[in-house]
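The following exercises are to be worked with the sequence and the three-dimensional model at hand. Each task is followed by a solution in steps.

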Amino acid sequence: MQDCSRPLAEFDYVAPRSLHEVFALLQNSSARARVVAGGTDLMLEMKNRSVQPEILIDLNRVSKLSFVELDDHMLRIGATTTLNEIKESSAIQQRAPLLIDAIIRFASHTIRNRATVVGNLCNASPAADLAPSLLVLDAVVTLQGPTGERTIPLDEFFVAPGCTAIQANE
């Protein structure tokens, strides 16, 4: 049985307000930096000590990362947009009801207030709740880094269980 009374390992927490700050932190920090949007899975991993970041970079203060948009007939979802925000989006309801169905089945309402699609995908778990719906919808992932952005199909984003195409500075 897991010892739930054990405290988390020590780490530094930063909440930058711009992507420029995020990229600077990633370039200047150790390989054990973790970027977090919702953090619902990451907190469990940290509690279990399977992941022990030295620095946690919280994206939630980067306001331009929370959105649901319909752009040139493509739905775009920001990295910090919660699952409940996505579920309530009229654009998603009209264009991707399959995603709504997956979100409704995803954990509790409380968890959905914090959880994000990005976190669900970046874990690259074979059991990721939202990946099948997004794969059927031919989703793409846009990754941003200090040198710009790149877009890749979701089926190429997953490299192996627990492994994605995200590079260290993205």
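**Exercise 1.** Leaving aside neighbours within four places in sequence, with which residues is L130 in contact? Place L130 within the nonpolar interior of this predicted model.

*Solution.* Step 1: with those neighbours set aside, the contacts of L130 are L83, L99, A102, I103, F106, V117 and N120.
Step 2: the largest nonpolar core has 21 residues, and L130, together with L83 and L99, touches the most other members.
Step 3: at least two residues of this core come from each of α3 (83-88), α5 (97-104), α7 (117-122), α8 (131-136), β6 (140-145) and α9 (154-157). The largest share, 4 residues, is supplied by α5.
Step 4: another core lies apart from this one; it has 11 residues, including F23, L26, I57 and L59.

**Exercise 2.** Determine which residues of helix α1 are buried, and establish how they are arranged about the helix axis.

*Solution.* Step 1: within α1 (residues 19-28), the buried residues are L19, V22, F23 and L26.
Step 2: viewed down the axis of α1, these residues fall within an arc of 95°, and therefore they line one face of the helix.
Step 3: H20 and N28, on the other side of α1, are exposed.
Step 4: the cover over the buried residues of α1 includes β2 (33-36), β3 and β6.

**Exercise 3.** Classify V62 as buried or exposed, and identify the residues that it touches beyond four places in sequence.

*Solution.* Step 1: V62 belongs to the loop that runs between β3 (55-58) and β4 (68-71).
Step 2: the relative accessibility of V62 is 3%, so V62 counts as buried, the cut-off being under 20%.
Step 3: beyond four places in sequence, V62 touches P16, R17, S18, L19 and V22. Of these partners, L19 and V22 are among the buried residues of α1.
Step 4: Q52 is 10 residues from V62 along the chain, and their C-alpha atoms are 24 Å apart.

**Exercise 4.** What is the nearest side chain of opposite charge to R112, and how far away is it? Describe the surroundings of R112.

*Solution.* Step 1: R112 is situated in helix α6 (residues 109-112).
Step 2: R112 is buried, and the nearest oppositely charged side chain is that of E88, 7.4 Å away. A salt bridge requires a separation within 4 Å, and R112 has none.
Step 3: the R112 side chain does reach the backbone oxygen of A107, at 3.3 Å.
Step 4: not counting residues up to four places away in sequence, R112 touches T82, L83, N84, K87, I103, I104, F106 and A107.

How values were computed: Residues are numbered from 1 along each chain as its sequence is written. This is a predicted model: local features need pLDDT of at least 70, side-chain atom pairs count only at pLDDT 80 or more; totals for chains, interfaces and linings use all residues. Side-chain values use heavy atoms; hydrogens and water are left out. A nonpolar core is a set of buried Ala, Val, Leu, Ile, Met, Phe, Trp, Tyr and Cys residues joined through side-chain atoms within 4.5 Å. Buried means under 20% relative accessible area, exposed over 50%, partly exposed in between (1.4 Å probe, protein chains only). Contact means heavy atoms within 4.5 Å. Lys and Arg count as positive and Asp and Glu as negative; His and the chain ends are not counted. A polar contact is a pair of N or O atoms within 3.5 Å; within protein, one must be able to donate a hydrogen and the other to accept it, and residues adjacent in sequence count only if both atoms are side-chain atoms. The arc is that of the directions from the helix axis to the C-beta atoms.
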